[in-house]
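Open your viewer and get ready to click around. We'll take the whole chain first, then stop at a few spots worth selecting.

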Amino acid sequence: MSSKPRKRSRSTAEDKRADCPFEVAIIPTPTVRDEKDAKAVKRRKSEGGGGGVEDRKPFFQISPFEAAGKFRARESMDIHYRVEPRKRWMEMTKYNSFVLNGNKYLSDGFIFVANDEAIERQKSGKFSKHQVGPGDFWVARILEIRAADEHHVYARVFWMYSPDELPAATMSGKKTAAGRQSYHGMNELIASNHMDIINVVSVVQPANVNQWIEADDEEIQDALYWRQAFECQTSQLSSIDLVCRCQMPANPDKTLVGCTNSDCGKWMHLECLSDDLLERVFNQLGTDRPHIPEPSAVKTEEEHAVKRESPQAPLSPPRGEDEQPRATIAVHGDANTETPIKQSDEDTPKPAQPTPLAPQMSLPERPMKGLARKKSAKGRGSAVKPWLGLFDAELRMNDGPMVWKVKDLRQSVTGGSSTWTESAFCLLCNHKID
């Protein structure tokens, strides 16, 4: 039994432009019994002076793609396949390269291949060769080049999928992952072992496609790239690195923030950090409470000084005097002071205190790691964000310690501060991010 996925169907227009008489069929990996039967047939044919067993033996292709992740059902993307008509294919000469329109194409190289939409754009003059992307053409990797003459040159290829082209039955681990996912970048492709044979006149120009190894944090992907692979026989995607508290992959087009705690060092999505902060801000202020900044320690001391009846009066009146005792006054620097300190004000030095009390307007504590991860994994993507339109936050990472600049967007709330700063904390270890 053979499986023959036809992702790249040949329309009538394409057949007229680039006729290809060959068909490829991917077959299941032969079992040990199948191999023994084939050897027995070959031995009988040899003893009887006949032949033909080689005409039925499948070809084997070692995949040029080595994905960093793993497949659930298979260990590799190597495949067995057949080509029809086999005799005509094998009679052609094998080449390492071909030249088309002044460009040299090598075996194992990537190419852009014209599809129906590209052909129509070229005919209408709406296409510019200087603006080629994964949505403009199909992308393939050349495996083999054969030719009968200069007018009949063919390439056997593995197709590169756009995330939008992933079939409906595609599985990533135990989950369905059909179509483009939130972690797919604009220039991201999916390597596959979907094989086909094309006429090289369909080739538009060379393509530059790199493999992105996510462990290399410094590698920037400006061109086309791939990190996952699609095994077409099982419709499985290779596994991918998971980051952040939400345990979702990283999108290379979006920002990741790393924890500065050497014992943690985990990466987090900027969106997850922002949602965590804004959720705590909303829980604290709601829809109608203004943000009242906590006064700094210096300002508090000055206010207490103004309230004293006499600046020269002793802090504690002598015993026996008729003067009524005053309320206890907080002294700056005393470990027992009850004067709230503004922990989030980066301009005020933090006094050395063994156990400072929480500021009056401090944000509620973040849930514990295990509970937060369970909640996030259950409701990710469908959770309502009640703070949308009420608060906004921008992470400042360049000037000194990493802080959030929070902006109050509520027009009906009067008083308080419209903007303020909050420290950034790791979602996993709760460490303050420097």
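Before we start, some words for what you'll be selecting: helices (H or I, at least four residues) and strands (E, at least two) are DSSP runs, numbered from the N terminus. Two strands pair if DSSP finds at least two bridges between them. You're looking at a predicted model, where local features need pLDDT of at least 70 and side-chain atom pairs count only at pLDDT 80 or more, while totals for chains, interfaces and linings use all residues. Residues are numbered from 1 along each chain as its sequence is written, and side-chain values use heavy atoms, leaving out hydrogens and water.

**The whole chain**

Show everything as a cartoon: there are seven helices and 21 strands. Of the 434 residues, 40% count as buried (under 20% relative accessible area, with exposed over 50% and partly exposed in between, using a 1.4 Å probe and protein chains only). Switch on the surface, and you have about 26,000 Å² of accessible area, 49% of it belonging to carbon and sulfur atoms (Shrake-Rupley method, 1.4 Å probe; for residues, only the protein chains shown count as cover).

**Stop one: the sheet S19-S20-S21**

Select residues 391-396, which are strand S19, and 403-408, which are strand S20; this antiparallel pair is held over six bridges. Which residue turns up with a positive phi in their hairpin? Gly400 does, near 70°, in a hairpin with six residues between the strands. Now show some partners: Glu394 stands opposite Lys405, and Arg396 has Val403 as its bridge partner.

Add strand S21 (residues 419-423), which runs antiparallel to S20 and is joined to S20 by five bridges. Here Lys407 stands opposite Thr419. Together you have an open sheet of three strands in the order S19-S20-S21. S19 and S21 are the edge strands, each pairing on one side only. The twist averages 30° from one strand to the next.

Next, select helix H5 (residues 270-285): H5 lies across S19, S20 and S21, at about 135° to S19. For such angles, axes are lines fitted to C-alpha atoms (for helices over the stretch in contact), and angles run from 0 to 180 degrees between N-to-C directions. Contact means heavy atoms within 4.5 Å.

**Stop two: the sheet S1-S3-S2**

Jump to another open sheet, with three antiparallel strands in the order S1-S3-S2. S1 (23-27) and S2 stand at the edges with a single partner strand each, so one side of each has no neighbour in the sheet. Neighbouring strands here are turned by 40° against each other on average, direction ignored. S2 and S3 pair over three bridges, and Phe60 stands opposite His80 in S3.

**Stop three: the loop after S2**

Select Ala67, in the loop between S2 and S3. Which residues does Ala67 touch, leaving aside neighbours within four places in sequence? They are Gln211, Trp226, Arg227, Ala229 and Ser238. Measure C-alpha to C-alpha from Ala67 to Gln228 and you get 6.1 Å, though 161 residues separate the two in sequence.

**Last stop: the rings**

The whole structure holds eleven aromatic pairs. In Phe65 and Trp226, the ring centres are 5.3 Å apart and the planes at 80°, so this pair is edge-to-face. Phe65 sits in the loop between S2 and S3, and Trp226 in strand S15 (residues 224-231). Rings of Phe, Tyr and Trp (its six-membered ring) pair if their centres lie within 6.5 Å; planes under 30 degrees apart count as stacked, over 60 as edge-to-face and the rest as tilted. Both Phe65 and Trp226 are buried. Add Phe110 and Phe158 to see the cluster that ring pairs form with Phe65 and Trp226.
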